[in-house]
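Good morning. I will take a few minutes to walk through one structure, and it is on the screen now.

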Amino acid sequence: MGKELKLNEFHTLYVTWKQGIPWFDHLLLGLLVWIERWVIDNRIKTDLDTAIEQFHAEVKAVEPDYVTPIYTEQPGEGSFGVSELRLTAPWYREGLEGVEAITEPSRGVS
């Protein structure tokens with residue numbers, strides 16, 4: 001693998017700073033290659049971190065809130081004695097006996 005500059009900015013710096021002294025030009029090229037790889041790695045890391053954060057933000061916006069429903073049971077009336085079972089969302093508490101009414105829906109898992 002030869003030492004070559006991938007970004008035009010670093011190639012322009014090398015051409016501008018090149019002195020015509022072989023050992024100096026070689027050290028300059030090595031330094032610029034090292035800095036260029038560091039810059040490329042940091043750009044990739046930053047772009048990936050940003051993309052991952054955006055992805056997680058989009059997924060959280062799409063995910064529904066999972067809440068535990070309220071389970072109620074009322075004994076049945078009549079000859080069969082079948083109980084009435086009801087599953088209700090936590091924010092819908094109208095008409096449930098023994099449960100205080102709230103006006104806003106709760107968010108998150110309770």
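Where is the place of L7? L7 sits in the segment before α1. Before going further, some notes on the source. This is a predicted model, where local features need pLDDT of at least 70, side-chain atom pairs count only at pLDDT 80 or more, and totals for chains, interfaces and linings use all residues. Residues are numbered from 1 along each chain as its sequence is written, and side-chain values use heavy atoms, with hydrogens and water left out.

Now the outline. The protein has two helices and two strands, in the order α-α-β-β along the sequence. Helices (H or I, at least four residues) and strands (E, at least two) are DSSP runs, numbered from the N terminus. Of the 110 residues, 15% are buried. Buried means under 20% relative accessible area, exposed over 50%, and partly exposed in between, with a 1.4 Å probe and protein chains only.

Back to L7. L7 counts as buried because its relative accessibility is 17%. Its C-alpha atom is separated by 9.7 Å from that of V33, and the two residues are 26 apart along the chain.

L7 also has a partner in helix α2, namely E36. The E36 side chain reaches the backbone nitrogen of L7 at 2.5 Å. A polar contact is a pair of N or O atoms within 3.5 Å; within protein, one must be able to donate a hydrogen and the other to accept it, and residues adjacent in sequence count only if both atoms are side-chain atoms.

What is the nearest side chain of opposite charge to E36? It is K6, 5.2 Å away, and E36 is buried yet has no salt bridge. Here Lys and Arg count as positive and Asp and Glu as negative, while His and the chain ends are not counted. A salt bridge is a side-chain nitrogen of Lys or Arg within 4 Å of a carboxyl oxygen of Asp or Glu.

By this rule there is one salt bridge. K45 forms it with D49, with the closest N and O atoms 3.1 Å apart. Both lie in helix α2, four residues apart, about one turn of the helix. D49 is partly exposed, because its relative accessibility is 34%.

Last, the aromatic residues. The structure holds one aromatic pair. W23 and F24 form this pair, edge-to-face, at 6.2 Å centre to centre and 90° between the planes. Rings of Phe, Tyr and Trp (its six-membered ring) pair if their centres lie within 6.5 Å; planes under 30 degrees apart count as stacked, over 60 as edge-to-face and the rest as tilted. W23 is exposed, because its relative accessible area is 59%. F24 is at 31%, so F24 is partly exposed.

That is the end of the tour.
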